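Trainee: I have just opened this one and don't know my way around yet. Could you walk me through it?
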Amino acid sequence: MHNDSPWLRAFRGLAGAVLIVWLVLPLVPLAIWSFARGWFFPDILPKQWTLSAWEYALSERAGVIDSLGLTIGISLAATALSILVGVPAGRALGLYKFRGKELVELLILAPTIVPGIAVALGIHSVFITLGLNNTVGGVVLVHLVPTLPYMVLVMSGIFANYDPAFESQARSLGASWLKTFWYVTFPAILPGIIVGGLFAFLVSWSQYILTLLIGGGRVVTLPLLLFNFATSGRNDITGAIGIVYILPGIIILILTARHLSGRNGAVGGFGRI
Amino acid sequence: MSDRLKIFLLLAPALTAIIVLFMGGLGIGLARSLNYMPVIGLVDPNFDAYWTVFTSQEFYLSFLLTFHISFTSTVLSSVLAIGAALLLRRQFIGRAIINFLFQLNLTVPHLVGAIGILYLFSQSGSFARLAAEWGMISRPGDFPALVFDPYAIGIILQYVWKEVPFIGVILLANMQALGEDYESVARSLGANRWQAFRHVLLPLIFPGLLSASVMVFAFTFGAYEIPAILGPNYPAALPVLAYRKYTDVDLEARPEAMAMAIIIALLSALMIFFYVRISRRNIRS
């Protein structure tokens, strides 16, 4: 299979180059705009460069820094919640066979194949009665809907390859329930928690319409701020906020890259981001 | 503790969350779309909102646009992702870079991609400026409309940008798990490159491709912020239309918005059902 012709190798190199350019291309004008002053048609590059968009974006009155903190807080809380709720469910689906298992799986995966907008409007009505609209808590709770399926999916894959006999051995040797969890179960499932948690964080991080509806415009996360600037035509500030918005994801990616290689079984089964 | 009780307790938090939030959201949406709200004294359900939706021309135009967006994006992304995954299986210069960019792209929210596509492809965007530089156009208006356009080219470009890495990463993980033994056997038995791909590799990676592309279809059919940034005003994509109705100053429009939300869910489920059936039949045969 490896007697490839030079033509095929040249084609691969060319396709690879096109792919690299295409993957980076949409982020380039965002970065340029954030340093541009009055970049008008038909200038290919700005005539004047400036830091004023960054000065504004990082200033107190712009609210970008507050919004960044709020967005990180909401995504961390939604991730923690989906770990707490998703790990036990993943254990049940990965370790046991039981009647109605397919139905449970279908229910838990349903949010990934039913469009978000269809659920969002109804949840908004549910939350009116619960008094959760326009609150940070309500937004965290609603982010559970898109994040939970990934957490359960990853964890059930991990538990399918997990042997609970180690736990009973630890217990029979006198370890308490808590010690058994901490020294036996937790280290074994940690890779899954990291990958599932990463997906949960990124899914929550990119939510727009759920936050807009449930937060009622009072819980202003970064995507809401970004959308407002993008539709008001302030391209320079939009560029700066856009860069601020994608940086945490890139940092997390670099920190967790070794968990995300194609060899990790969890990656093959994950869902949308 | 019996296994049954254990399973029940382990599943209880997740099922509660899904049933209250997800099913509750759909259920209340359905009730309100039928004008059924006992709290404010509406106890006679009716189909008025559905009637209004189904008799408006805008709804059909929006549906056609949204279907076109989802169908085209899903097919294009799937085909290109298969190509990209096949490419990334081989050793060549730049492979590590593409692998990294694929993962990086997964972390970039759709909204950022949409703004990037807007700045690249709008009539005063980067490509229009390049066209002006090379003397192909003299005014922004001469550049073809690729965003806010009736064919939703900008939206589709954005989805292809985001979804090729998404499907590609899943396919690549599948291919690496499979190895190349099956194809080698087929090749040694006389199959050519295409036959080995079509009759050996494709059926093997098909389950992963199917679930990834179903997710892409459902997402692109229900996404709001991307068509809101890049889409035409009329007809708007269905989610944009539903959100507009929902936030209309006229509260009478709310049941209509709910009806649209329910129709979006049903249509999406129906289309995914047929998509799964048709593609299974075609790949397996």
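Mentor: We will take the chains in turn, then their contact, and then one residue. Please keep in mind throughout that this is a predicted model.

Trainee: Okay, how many helices and strands does chain A have?
Mentor: Chain A has 13 helices and 2 strands, and its C-alpha atoms fill a box of roughly 75 × 65 × 35 Å when that box is taken along the principal axes.

Trainee: And what share of chain A is buried?
Mentor: Of the 273 residues in chain A, 47% are buried. If you look at the contacts in chain A with a separation of 6 or more, 77% of them come from residues 24 or more positions apart.

Trainee: What does UniProt annotate in chain A?
Mentor: An unreviewed UniProt entry carries the annotation "domain: ABC transmembrane type-1", which covers residues 68-256 of chain A. In the model that span is 83% helix and 0% strand, and the C-alpha atoms at its ends lie 21 Å apart.

Trainee: Switching chains, which elements make up chain B?
Mentor: Chain B has 12 helices and 0 strands, and the C-alpha trace of chain B spans about 75 × 75 × 35 Å along its principal axes. Among the 285 residues of chain B, 46% count as buried, while residues 24 or more positions apart account for 71% of the contacts in chain B with a separation of 6 or more.

Trainee: How many residues does each chain put into the contact?
Mentor: Chain A gives 77 residues and chain B gives 86 residues. On the side of chain A that touches chain B, the largest share, 10 residues, comes from helix 1 of chain A, residues 6-24.

Trainee: What classes of residue are on that side of chain A?
Mentor: The side of chain A that touches chain B has 56 nonpolar, 15 polar and 6 charged residues.

Trainee: Now a single residue: where is Asn133(A)?
Mentor: Asn133(A) is in the loop between helix 6 (116-130) and helix 7 (136-160) of chain A.

Trainee: Is Asn133(A) buried or exposed there?
Mentor: Asn133(A) counts as buried, because it has 21 C-beta neighbours inside 10 Å, and the cut-off for buried is 20 or more.

Trainee: Which residues does Asn133(A) touch?
Mentor: Leaving out residues up to four places away in sequence, Asn133(A) touches His124(A), Phe127(A), Ile128(A), Gly138(A), Ile214(A) and Gly216(A). As a distance to check on your screen, the C-alpha atoms of Asn133(A) and Ile123(A), which are 10 residues apart along the chain, are separated by 9.6 Å.

Conventions. Residues are numbered from 1 along each chain as its sequence is written. Chains are lettered from A and ligands numbered from 1 in the order in which they are written. This is a predicted model: local features need pLDDT of at least 70, side-chain atom pairs count only at pLDDT 80 or more; totals for chains, interfaces and linings use all residues. UniProt positions are given in the numbering used here, feature names are shortened, and annotations may be inferred rather than shown by experiment. Helices (H or I, at least four residues) and strands (E, at least two) are DSSP runs, numbered from the N terminus. Two residues are in contact if their C-beta atoms, placed from the backbone, lie within 7 Å. Ala, Val, Leu, Ile, Met, Phe, Trp, Tyr, Cys and Pro count as nonpolar, Asp, Glu, Lys and Arg as charged, and the others, Gly among them, as polar. A residue is buried if 20 or more other C-beta atoms lie within 10 Å of its own, exposed if 12 or fewer, and partly exposed in between; C-beta atoms are placed from the backbone.
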